[in-house]
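Please open the model in a viewer and keep the sequence panel visible. The tour below proceeds selection by selection.

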Amino acid sequence: MIMHLFRVSPDDDALRGALLMTGAAILFAAMAVLIRYITREVHPFEAAFFRNLFGLIPMIPWMLRDRLVGLRTLKLKLHFIRAVIGLAGMLCLFSALAIAPAAQVIAINFTVPILTTILAALILHETVRARRWTAVALGFIGAMIIVRPIGQTLETGAILALLATLFTAFAVTTVKMLSRSESANAIVTWMGMIMTPLSLIPALFFWQNPTWEQLGVLLAIAVLATAGQQLFVRANRTADQSYVMAFDFLRLPFVAALAFIMFGETVDFWTWAGASLIIGSTLYIARREAVLARKEKRRRRMPTTAAADSQAIPVTKAKTINPPEYPEGTPESNTGNKTGRIDA
């Protein structure tokens with residue numbers, strides 16, 4: 001139903017991608033502000049449990065349709081590691097939103113692709129050249145400008161936001177490893193099935209029976225997250241990722257506006273300055289990913305100039321290897337996508 005709001009001419013993919021990403025930014029901003037709102041009454045750990053529980057419901061039809069065949073896996077251990085890391089990030093994120101200005105938390109969250117680039121080089125041994133390392137360094141400086149660890153007491157909310165970002169980056173890396181052999185639906189479903197009971201354990205220590213109104217807000221958070229993920233993935237599939245990324249960063253002004261209206265929160269100069277550096281470096285990383293992906297695509301299409309080999313497969317008959325499919329709701333949902341967003 002949401003998709004009908006973004007129907008434009010099929011020939012104008014750029015406009016459609018921009019509208020889809022703007023819609024995703026609005027939904028994610030509303031989700032973050034609702035988390036900030038509900039965690040004033042419900043403990044962040046309990047709110048995270050209901051987020052996981054309600055988020056698992058949309059996967060039930062798929063499980064029933066495939067009679068659980070799609071859940072067969074040889075990488076249960078890696079699924080478990082991914083879920084534990086993802087849960088740690090979610091608990092830190094919900095806790096950060098409960099005590100820190102929402103716009104500050106979102107600005108720090110934009111460092112996810114920067115940290116993912118570092119982990120891709122260290123863990124997956126991907127090649128990261130000097131220009132991207134420079135962008136990573138600038139993004140790190142931007143994060144330090146926001147939290148300002150020197151000359152003042154480092155706030156707990158900023159620390160939690162940084163930890164949430166770090167855990168999210170690790171979770172993204174494990175998803176890339178899983179996606180080499182696992183389907184998107186399997187990754188998302190296993191994540192929900194593991195995270196839901198795991199998140200119940202810490203929630204029980206702070207449990208209070210939610211009211212119907214609170215349950216409605218918690219359900220709205222899950223719906224906004226799912227709808228935002230759908231628009232986010234479709235935006236990256238519709239238009240060039242380095243182009244639509246610019247509209248994803250509209251989350252920050254949207255969150256700032258909503259937080260001001262609901263809580264009277266204002267954003268200081270240093271948060272805007274640090275966010276500008278982070279956004280600039282992330283956009284550059286996204287652009288480099290798009291350029292490298294296009295070069296690789298052209299390289300695969302180029303005919304070989306090697307001497308004829310009677311045993312070789314003709315180039316014209318070679319199959320193009322499709323890129324791995326990433327689950328909706330992760331920053332890697334699009335080929336080469338290292339965009340940052342709330343993993344909630």
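Begin by selecting Glu46, which is placed in helix α2 (residues 44-56). Helices here are DSSP runs of H or I with at least four residues, strands are runs of E with at least two, and both are numbered from the N terminus. This is a predicted model, in which local features need pLDDT of at least 70 and side-chain atom pairs count only at pLDDT 80 or more, while totals for chains, interfaces and linings use all residues. Residues are numbered from 1 along each chain as its sequence is written, and side-chain values use heavy atoms, with hydrogens and water left out.

**Glu46 and its surroundings**

Is Glu46 buried or exposed? Glu46 is buried yet has no salt bridge. Buried means under 20% relative accessible area, exposed means over 50%, and partly exposed lies in between (1.4 Å probe, protein chains only). A salt bridge is a side-chain nitrogen of Lys or Arg within 4 Å of a carboxyl oxygen of Asp or Glu. The nearest side chain of opposite charge is Arg40, 15 Å away; Lys and Arg count as positive and Asp and Glu as negative, with His and the chain ends not counted. Next, display the residues that Glu46 touches: Ala203, Phe206, Trp207, Gln208 and Pro210, leaving out residues up to four places away in sequence. Contact means heavy atoms within 4.5 Å.

**The whole chain**

Now zoom out and colour by secondary structure. The chain has 13 helices and zero strands. Of its 344 residues, 50% are buried. Among contacts in the chain with a separation of 6 or more, 86% are between residues 24 or more positions apart. The accessible surface is about 17,100 Å², and carbon and sulfur atoms account for 65% of this area. Accessible areas come from the Shrake-Rupley method with a 1.4 Å probe; for residues, only the protein chains shown count as cover.

**The salt bridge**

How many salt bridges does a search of the whole structure find? The search finds one. Select Arg36 and Glu265, which form a salt bridge with their closest N and O atoms 2.5 Å apart. The pair links distant parts of the chain, 229 residues apart: Arg36 is in helix α1 (residues 13-38), and Glu265 is in the loop between α12 (251-263) and α13. Both Arg36 and Glu265 are buried.

Keep Arg36 displayed and add Ile99, whose place is in helix α4 (residues 76-99). The C-alpha atoms of Ile99 and Arg36 are separated by 8.0 Å, although the two residues are 63 apart along the chain. With residues up to four places away in sequence set aside, Ile99 touches Arg36, Thr156, Gly157 and Leu160.

**From helix α1 to helix α12**

Return to helix α1 and select Val33. Val33 is buried because its relative accessible area is 2%. Beyond its neighbours within four places in sequence, Val33 is in contact with Val255, Leu258, Ala259, Met262 and Phe263. A distance label between the C-alpha atoms of Val33 and Ala256 should read 9.2 Å, for residues 223 apart along the chain.

Then show the surface over Leu258, Phe260, Ile261 and Met262, which make a nonpolar surface patch of about 400 Å². Patches are made of residues with over 30% relative accessible area and no salt bridge; like charges are joined within 9 Å, and nonpolar side chains (Val, Leu, Ile, Met, Phe, Trp, Tyr) within 5 Å. Within this patch, Ile261 belongs to helix α12. Ile261 counts as exposed because its relative accessible area is 67%.

**The positive patch**

Which residues gather in a patch of positive charge on the surface? Select Arg131, Arg287, Lys295 and Arg298. For such groupings, the place of a charge is taken as NZ of Lys, CZ of Arg, CG of Asp or CD of Glu. Helix α13 (residues 269-301) supplies the largest share of the patch, three residues. Arg131 is found in helix α7 (residues 130-147) and counts as exposed because its relative accessibility is 53%.

Move to Arg132, which also lies in helix α7. Arg132 is buried because its relative accessible area is 5%. Its C-alpha atom is separated by 9.2 Å from that of Ile114, 18 residues away along the chain.

**Last stop**

Finally, select Val233 in helix α10 (residues 212-238). Val233 is buried, with a relative accessible area of 0%. Val233 and Gly17 are 9.9 Å apart, C-alpha to C-alpha, and 216 residues apart in sequence.
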